[in-house]
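Here are my notes on the model you sent. They are numbered so that you can check each point against the coordinates.

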Amino acid sequence: MNTEISRKQRLKFFFINVAAFAGIFLLLGFITLQLLQSSAYRQTDLSLSQMAENEHLIEMEITRYQQGNPFLAQMPNDQRMDKGPDGNNRFNTQIILWSKDGKILNKDVLGGRFTELENLALDKKNLDSIEALNLKSTSDSAQKLSFRSYTIKANQEDGIAYIQFLANTNQIADSMKTFETTLVLCMVVFWLISIGISFYISKMNMQPIMNSWRKQQEFVENASHELRTPLAIIQNSLQQLFTRPEHTILEESEPIAQALNETRRMNSLTEDLLTLARSDSNQLLLQKEAVEPKAFIQQLAQPFQEIAEMNDKQFILENFADQEMQIDEKRIHQVLVILLDNALKYTEAKEKIVLQSEISNDSWLIEVKNNGPSINDEDKRHIFERFYREDRSRSKETGGYGLGLAIAKQIITQHKGKLTVRDWEPRGVVFQIRLPMK
């Protein structure tokens, strides 16, 4: 992937993450404010509604108006008037009596508090419902008074047409403004922090893409390199035949055999590449069926036992698994052929190969051991990578491409199993397959 495409993709991820964080913060802020506003005024609104239903309270206010006595029947807990820190009048709750034509009737009872309500107007459209009111203070034109209002229709007693219940909410409004300011500042600060996080996330998002791209490039380069060698040999062999057209097939049997051998090697390589490609695209579908492990292992091991005997190598079979397994028999056969073939290749005469099969902890445990050369820790970390070969010169001699273990790993992983490698003390290697019973 060239640098320009990589940069554009990273910027795309970055802006998507920034926009996502911004959307989340805005949505969170909106929901928080809505919930806070509804809960902040809930008690005040409930109090106004209860006052409107309290006939005794209404009668008392009407009596005060009729007698012109604001102190009539006041109780110690009557706290409708409260002084704020600036000395101005602030109202906790107040009852306003309105005439039919929208005049305040109980202004004398209100006394000095009426000066704060001079700009109050009767709203006949929103009866029996809570509404928010904002009034300019006569003592301080820059200051606004906030109220929650609940108005009901009266029985026209002494000209009283409407009764309005007011609750001052300046304290709540000031608290809400402070909270809103704090919330906005926090959202801005955390959004700025999210920009840095977005940059880091976009970099992390690109990392697997770049790794995948590098692996793909390496895969193509390695495949091209491996295919180039047999193709070159086949081409040279065929060109050699054209230089001696008078020779018989028998006389040219060596270049023909060489070309056929390389063709078979190339065919094997392309099959391996196709298997890996299908696995990468999830097209390598498993066809699981019930298999008896003991018979399966016995049949698979027989030809390898014969080959080992022919080459003066010891082949030991420890076949104990006796519970039925659901596996893709063809694919597991392919994995074991890869492991046993490698064991035979890298084991010298008189050395030992062990194939062990048993049921352990609800898993089918298969181990292929050989006491040939050990594998160092660095090679163990890469041995299941494609085209990786511990000893390239030796791999060429044995005809390997470095794909076998990668294919084996893919197949076992698709079976939801594990394929691992470890040392076999004092000398040798153990490849272990662990397949789940279910």
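**Notes on the model**

1. Lys380 is buried, with a relative accessible area of 14%. Buried means under 20% relative accessible area, exposed means over 50%, and partly exposed lies in between (1.4 Å probe, protein chains only). The side chain of Lys380 meets that of Asp423 in a salt bridge, at 2.8 Å from N to O. This pair links distant parts of the chain: Lys380 sits in helix α9 (residues 377–382) and Asp423 in strand β12, 43 residues apart. Asp423 counts as partly exposed, at 33% relative accessibility. A salt bridge here is a side-chain nitrogen of Lys or Arg within 4 Å of a carboxyl oxygen of Asp or Glu. Helices (H or I, at least four residues) and strands (E, at least two) are DSSP runs, numbered from the N terminus.

2. A word on the basis. This is a predicted model: local features need pLDDT of at least 70, side-chain atom pairs count only at pLDDT 80 or more, and totals for chains, interfaces and linings use all residues. Residues are numbered from 1 along each chain as its sequence is written, and side-chain values use heavy atoms, with hydrogens and water left out.

3. Now the sheet. Five strands form an open sheet in the order β8-β10-β11-β13-β12, with mixed pairing. Its edge strands are β8 (314–319) and β12, each pairing on one side only. The twist averages 15° from one strand to the next. Two strands pair if DSSP finds at least two bridges between them. Strands of a sheet pair through backbone hydrogen bonds, either parallel or antiparallel.

4. Which strands pair with β13 in the antiparallel sense? Strand β11 (residues 363–370) does so over eight bridges, and strand β12 (residues 418–423) over six bridges. On the β11 side, Lys369 stands opposite Val430. On the β12 side, Lys418 has Arg434 as its bridge partner. Strand β13 itself (residues 429–436) is mostly covered, with six of its eight residues buried.

5. Look at the turn between β12 and β13. The two strands form a hairpin with five residues between them. Gly428 in that turn has a positive phi of about 135°.

6. β11 also has a partner in strand β10 (residues 352–360). Eight bridges join these two antiparallel strands. Leu355 stands opposite Val368 in β11.

7. Helix α8 (residues 329–345) has 17 residues. It reaches 24 Å from its first C-alpha to its last, close to the 24 Å expected at 1.5 Å a residue. The expected span is 1.5 Å times one less than the number of residues. α8 lies across β8, β10, β11, β12 and β13, running at about 20° to β11. Contact means heavy atoms within 4.5 Å. Axes are lines fitted to C-alpha atoms, for helices over the stretch in contact, and angles run from 0 to 180 degrees between N-to-C directions. Buried residues of α8 include Arg331, Gln334, Asn342 and Leu336.

8. Helix α11 (residues 404–414) lies across β12 and β13. Its direction is about 130° to β12.

9. Which residues touch the most other members of the largest nonpolar core? They are Leu336, Trp364, Phe431 and Ile433, out of 44 residues. α8 gives the most to this core, with eight residues. A second, separate core of 15 residues includes Ile96, Trp98, Leu110 and Phe114. A nonpolar core is a set of buried Ala, Val, Leu, Ile, Met, Phe, Trp, Tyr and Cys residues joined through side-chain atoms within 4.5 Å.

10. The structure holds 11 salt bridges. One of them joins Asp312 and Lys350, with the closest N and O atoms 2.9 Å apart. Asp312 lies in the loop between α7 (293–310) and β8, and Lys350 in the loop between α8 and β10, so the pair ties together parts that are 38 residues apart in sequence. Asp312 is partly exposed at 39%, whereas Lys350 counts as exposed at 60% relative accessibility.

11. Another salt bridge joins the side chains of Arg422 and Glu367 (3.2 Å, N to O). Arg422 lies in β12 and Glu367 in β11, so the pair ties together parts that are 55 residues apart in sequence. Glu367 is buried, with a relative accessible area of 7%, while Arg422 is partly exposed at 36%. Glu367, Lys369 and Arg422 are linked in a network of salt bridges.
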